[in-house]
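User: I'm new to reading protein models, and I keep tripping over the vocabulary. Could you take me through this one, and tell me how each label is earned?

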Amino acid sequence: MDGVQPVAALLGVIALGIVLVLSLDLVSATVALLLELALLPLLRIPVRTLLLRTSPVLVAVPLTGLSIALYGQASGRVWFDFLFAHVTDGSLQLALATMLRVLAVGIPGIVLFVRTDVTDLADGLAQVLRLPARFVLGALAAIRMMTLLGDDWRQLAMARRARGVADRGRLRRGVSMAFGLLVVALRRATTLAVAMESRGFGAPGPRTWARPVRFAGPEWAMLAVLVGIGVVAVAAAVLAGTWRA
């Protein structure tokens, strides 16, 4: 949601994740996932962007389910048994519930931060959650400079090519360039630390902020929606008699 402080989404996703991780049944995970999919169109995220951002979760889900199905707690009818692998009714049910829980936790954790500005998130962490300003601002500066690593890598490659040393073995070239990139990053980090200290970022006392953060109606609404999804999912599991903590 545009205009909503990212900290509200962060707190809501954490609360929802705790509820779903503590549950071990199929009903709660299914209800939570269905509610999230029903609310997903409200975010107006393009399908292509959604698939690209959630692709790591979509890849991890079947791998997680496979490992649980093979090595999860065995109970009920045995379908496959070899050494340490036991595929049973219980392990298959647990695998399905785990996959749905991973989707129910991972999808909102990704889609709610698709359009998030890291500066807004840093402001919220420092002003709403009262995290140490020095740590938050340092992390923000590091994230902002992550985009420079690709440019640094290309410049190192062009410099090596200009000196005629870019055609050696790939492994040796990669290790050498990685070491050069580390040196460049350390130099930049040192310069940044000195610049921040000279501007009083490490000084004690209260700090003023260029953009004051408010935690008002929209933020409470998002937090209530995410927590409500977890509450409804747990209530559905309890009513169905499948709740297992």
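User: Let's start in the middle of things. What do the buried residues of α3 pack against?

Analyst: They pack against β2 (85-88) and α4. Keep in mind that this is a predicted model. The buried residues in α3 are Leu50, Thr54, Val57, Val61, Gly65 and Ala69.

User: How do you know what span to expect for α3?

Analyst: You count 1.5 Å a residue. α3 has 25 residues, and the expected span is 36 Å. The model gives 35 Å from the first C-alpha to the last, which is close.

User: What makes Thr54 in α3 worth a look?

Analyst: There's a kink of about 55° at Thr54, and the proline Pro56 follows shortly after. The angle is taken between an axis fitted to the seven residues ending at a position and one fitted to the seven starting there.

User: Why is Thr98 called buried?

Analyst: Its relative accessible area is 12%. Buried means under 20%, so Thr98 gets the label. Thr98 sits in helix α4, and leaving aside neighbours within four places in sequence, its contacts are Thr64 and Ile68.

User: And Leu34, buried or exposed?

Analyst: Exposed, with a relative accessible area of 53%. The cut-off for that word is over 50%, so Leu34 qualifies. Leu34 belongs to helix α2. The C-alpha atoms of Leu34 and Val118 are separated by 29 Å, and the two are 84 residues apart along the chain.

User: Why does Gly124 count as buried?

Analyst: Its relative accessible area is 0%, and the label needs a value under 20%, so Gly124 is buried. Gly124 is part of helix α5. Setting aside neighbours within four places in sequence, Gly124 touches Gln5, Val7, Leu129 and Val213.

User: How many residues apart in sequence are Gly124 and Pro62, and how far is that in space?

Analyst: They're 62 residues apart in sequence and 35 Å apart in space, C-alpha to C-alpha.

User: What makes a group of residues a nonpolar core, and which residues have the most contacts inside the largest one?

Analyst: The members have to be buried, be of listed types such as Val and Leu, and be joined through side-chain atoms within 4.5 Å. The largest core here has 26 residues, and Val111 and Leu112 have the most contacts inside it. Elements giving two or more residues to this core are α1, α2, α3 (47-71), α4 and α9. Val111 itself touches Leu40, Leu43, Ile45, Leu50 and Thr54, not counting residues up to four places away in sequence.

User: Which residues are in the second core?

Analyst: That separate core has six residues, including Ala122, Leu125, Ala126 and Val136.

User: How do you know that the span of α1 agrees with what's expected?

Analyst: The 17 residues of α1 should span 24 Å at 1.5 Å a residue, and the end C-alpha atoms are 24 Å apart, so the two agree. Its buried residues include Pro6, Val7, Gly12 and Leu20. Among the elements covering the buried residues of α1 are α2, α4 (89-111), α5 (118-127) and α9.

User: What about α9, and what covers its buried residues?

Analyst: α9 covers residues 217-240, and its 24 residues reach 34 Å from first C-alpha to last, close to the 34 Å expected. Its buried residues include Glu219, Met222, Leu226 and Ala237. Their cover includes α1 (6-22) and α2 (26-39). Just after α9, Gly241 takes a positive phi of about 75°.

User: Zooming out, how many helices and strands are there?

Analyst: The chain has nine helices and two strands. In sequence order they run α-α-α-β-β-α-α-α-α-α-α.

User: Why is the chain called more spread out than a compact globule?

Analyst: Compare two numbers. The radius of gyration is 24 Å, and the globule rule gives 18 Å for 245 residues; 24 Å is well over that, so the chain is more spread out than a compact globule. Its C-alpha atoms fill a box of roughly 65 × 55 × 35 Å along the principal axes.

User: What share of the residues counts as buried?

Analyst: Of the 245 residues, 31% do. The accessible surface comes to about 15,200 Å², with 69% of it belonging to carbon and sulfur atoms.

Technical notes. Residues numbered from 1 in each chain as written. Predicted model: local features only at pLDDT ≥ 70, side-chain atom pairs only at ≥ 80, totals over all residues. Heavy atoms only, no water. Helix = DSSP H or I, 4+ residues; strand = E, 2+ residues; numbered from the N terminus. Expected span 1.5 Å × (residues − 1). Buried < 20%, exposed > 50% of the residue type's maximum accessible area, 1.4 Å probe, protein only. Contact = heavy atoms within 4.5 Å. Rg over C-alpha atoms; globule rule 2.2 N^0.38 Å. Areas by Shrake-Rupley, 256 points an atom, 1.4 Å probe, with all protein chains shown as cover.
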